Amino acid sequence: MPLSDPSAPVLAIDGPSGSGKGTISRAVAGQLGWHYLDSGALYRGVGVAAGWNDIDLADPAALVRCTFDTRIAFSDTPGGEPRVLINDVDATDELRTETAGAAASAIAAIPEVRSALKERQRAFRQQPGLVADGRDMGTVIFPDARWKVFLTASAEERAERRYKQLIGKGVSVTLDGLLREILARDARDANRPVAPLRPADDAVRIDTTGVGIDEVVARVLAVVRG
Ligand code: C5P
């Protein structure tokens, strides 16, 4: 693992699931020519590996061991979503399932898992800069980030975005079910004792409800470019 470069600038982008963080962060990183950290993929990756190894999500000690034992690597796909390799197996599609998201959220509440992933996340801080996407980028992982953005959107709009995405992939879901899942995940992420989802005091909040991707990207770039 490379050492982090504390002199590299960081843009932290935090927010709840479905706020558009992933799409926006990747686009902003592409425009700036910076590195991109999808921190959620690390939690999801541990969740998927736990599933492969039949580890009980209610067994924190086994999950901590699994975190240390799991190698997660990102491969660059120019112009596309990076592929995610878990112990050298391409698990990009499995990572995006609701099951992986729910497992990630359960695992993310374990303090030892969070601290085991801390340095792995900080290692992404390299020149010429890093766009870090997650829940605690501005509060815990990069509290000294030069810019912090907190993206939000109404739960209804987030459920609708997810619905369109999944239906487009041929997955059968209901809008109501997705809304319930999003609200449950929000509550779990916001109420956990370690690194709860909350905006950093110095974060710029951007509500993306009813706002198109290009416009949100422009607003985030305006934060960085002043
Ligand atoms: O962002 P994504 O939906 O991929 O994250 C999956 C889960 O991982 C979140 O619901 C959250 O519980 C957890 N997570 C976290 N801290 C981060 C990123 C993700 O706790 N920095």
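Is Gln 121 buried or exposed? Hold on to that one, everybody; we will come back to it shortly.

First, some ground rules. What you see above is a predicted model, where local features need pLDDT of at least 70, side-chain atom pairs count only at pLDDT 80 or more, and totals for chains, interfaces and linings use all residues. Residues are numbered from 1 along each chain as its sequence is written, and side-chain values use heavy atoms, with hydrogens and water left out.

Let's begin with the sheet. Five strands form an open sheet in the order β2-β6-β1-β7-β8, with parallel pairing. Strands here are DSSP runs of E with at least two residues, helices are runs of H or I with at least four, and both are numbered from the N terminus. Two strands pair if DSSP finds at least two bridges between them. At the edges stand β2 (35–38) and β8 (204–207), each with a single partner strand, so one side of each has no neighbour in the sheet. From one strand to the next, the twist averages 20 degrees; axes are lines fitted to C-alpha atoms, for helices over the stretch in contact, and angles run from 0 to 180 degrees between N-to-C directions.

Zooming in, β1 (residues 10–14) and β7 (residues 147–152) run parallel and are joined by four bridges. Ile 13, for instance, has Val 149 in β7 as its bridge partner.

Now to helix α1, residues 21–32. This helix packs on the sheet, touching β1, β2, β6 (130–134) and β7, and its direction makes about 180 degrees with that of β6. Contact, by the way, means heavy atoms within 4.5 Å. Which residues of α1 are buried? They are Lys 21, Ile 24, Ser 25, Val 28, Ala 29 and Leu 32. Buried means under 20% relative accessible area, exposed means over 50%, and partly exposed is in between, using a 1.4 Å probe and protein chains only. Those buried residues cover an arc of only 130 degrees around the axis, which puts them on the same side of α1; the arc is that of the directions from the helix axis to the C-beta atoms. On the face turned away from the buried side sit the exposed residues Gly 30 and Gln 31. Right after α1 comes Gly 33, with a positive phi near 75 degrees.

Back to our opening residue. Gln 121 lies in helix α6, and the answer is that Gln 121 is buried, with a relative accessible area of 0%. Setting aside neighbours within four places in sequence, Gln 121 has contacts that include Leu 37, Tyr 43, Met 137 and Phe 142. Other buried residues of α6 include Val 113, Arg 114 and Leu 117. Down the axis of α6, the buried residues fall within an arc of 165 degrees, so they line one face of the helix. Among the elements covering them are β2, β3 and α2 (39–52).

One last stop: aromatic rings. Rings of Phe, Tyr and Trp (its six-membered ring) pair if their centres lie within 6.5 Å; planes under 30 degrees apart count as stacked, over 60 as edge-to-face, and the rest as tilted. The count comes to two aromatic pairs. In one of them, Phe 74 and Phe 124 meet edge-to-face, at 5.8 Å centre to centre and 80 degrees between the planes. Phe 74 lies in strand β3 (residues 72–75) and Phe 124 in the loop between α6 (111–122) and β6, so the pair ties together parts 50 residues apart in sequence. Phe 74 is partly exposed at 28%, and Phe 124 is partly exposed at 23% relative accessibility.

Thanks for listening!
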